[in-house]
Amino acid sequence: MRRLSSLLGRLTLVVLPVLAVVGCAEADTVSRAPHSLIRVSERDFRIVVTPGHIPAGEAVLVVTNHGPDTHELIVVRSRRSHLPVRLDGLTVDEEALHAVATVEGVAPKGVGRVRLHLAPGRYELFCNMAGHFMAGMHSDLVVG
């Protein structure tokens, strides 16, 4: 009986550290890469992006609509020139652009989210509901 107790004690001293190491290694492979959190506040007729500068890589965009009207958010790579406007003179010609991300129809007091991967550069975020972009609903985000 004494031998069995001694053998179990030694076995415990060997097995527990091995399980601890395996458990820690497994946790490392399951963990996700860190991401940037970008908060976008929309209200008539303004968009505020916080922070305005993030590192390149994975990001989560959280859009909160503080206005009385439904808004959307479109993210495009900035060309450092004016965005193309449709013939109606009120909206951006989305077909002429490549949208990096879109959050459709965020209702008043609503929240929308999108996960995306951003390469270094400058991005423009805007609402393209009729007249909203022209009234000032656009902002920049710098990714470095």
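Hi everyone, let's start with His71, which sits in strand E5, spanning residues 71-77. One thing to keep in mind as we go: this is a predicted model.

So, is His71 buried or exposed? It counts as buried, because its relative accessibility is 0% and the cut-off for buried is under 20%. Its side chain makes a polar contact with the side chain of Asp44, at 2.7 Å. Asp44 also appears among the residues that His71 touches, once we set aside those up to four places away in sequence. That list takes in Glu42 and Arg43 as well, then Asn65, then Glu104, Gly105 and Val106, and finally Cys127, Met129, His132 and Met137.

Next, Ser41. You'll find Ser41 in strand E1, which covers residues 36-43. Ser41 has a relative accessible area of 19%, so it falls under the 20% cut-off and is called buried. Which residues does Ser41 contact, leaving aside its neighbours within four places in sequence? They are Arg46, Ile47 and Val48, along with Thr64 and His66.

Last stop, for those of you who like charged pairs. How many salt bridges does the count come to? Just one salt bridge, where the side chains of Glu95 and Arg86 meet at 3.4 Å, N to O. Let's look at each partner in turn. Glu95 is exposed, because its relative accessible area is 64% and the cut-off for exposed is over 50%. Arg86 counts as partly exposed, at 28% relative accessibility. So the salt bridge pairs an exposed Glu95 with a partly exposed Arg86.

That's my tour, thanks for listening!

Methods:
Residues numbered from 1 in each chain as written. Predicted model: local features only at pLDDT ≥ 70, side-chain atom pairs only at ≥ 80, totals over all residues. Heavy atoms only, no water. Helix = DSSP H or I, 4+ residues; strand = E, 2+ residues; numbered from the N terminus. Buried < 20%, exposed > 50% of the residue type's maximum accessible area, 1.4 Å probe, protein only. Contact = heavy atoms within 4.5 Å. Salt bridge = Lys/Arg side-chain N within 4 Å of Asp/Glu carboxyl O. Polar contact = N/O pair within 3.5 Å; in protein donor to acceptor, adjacent residues only side chain to side chain.
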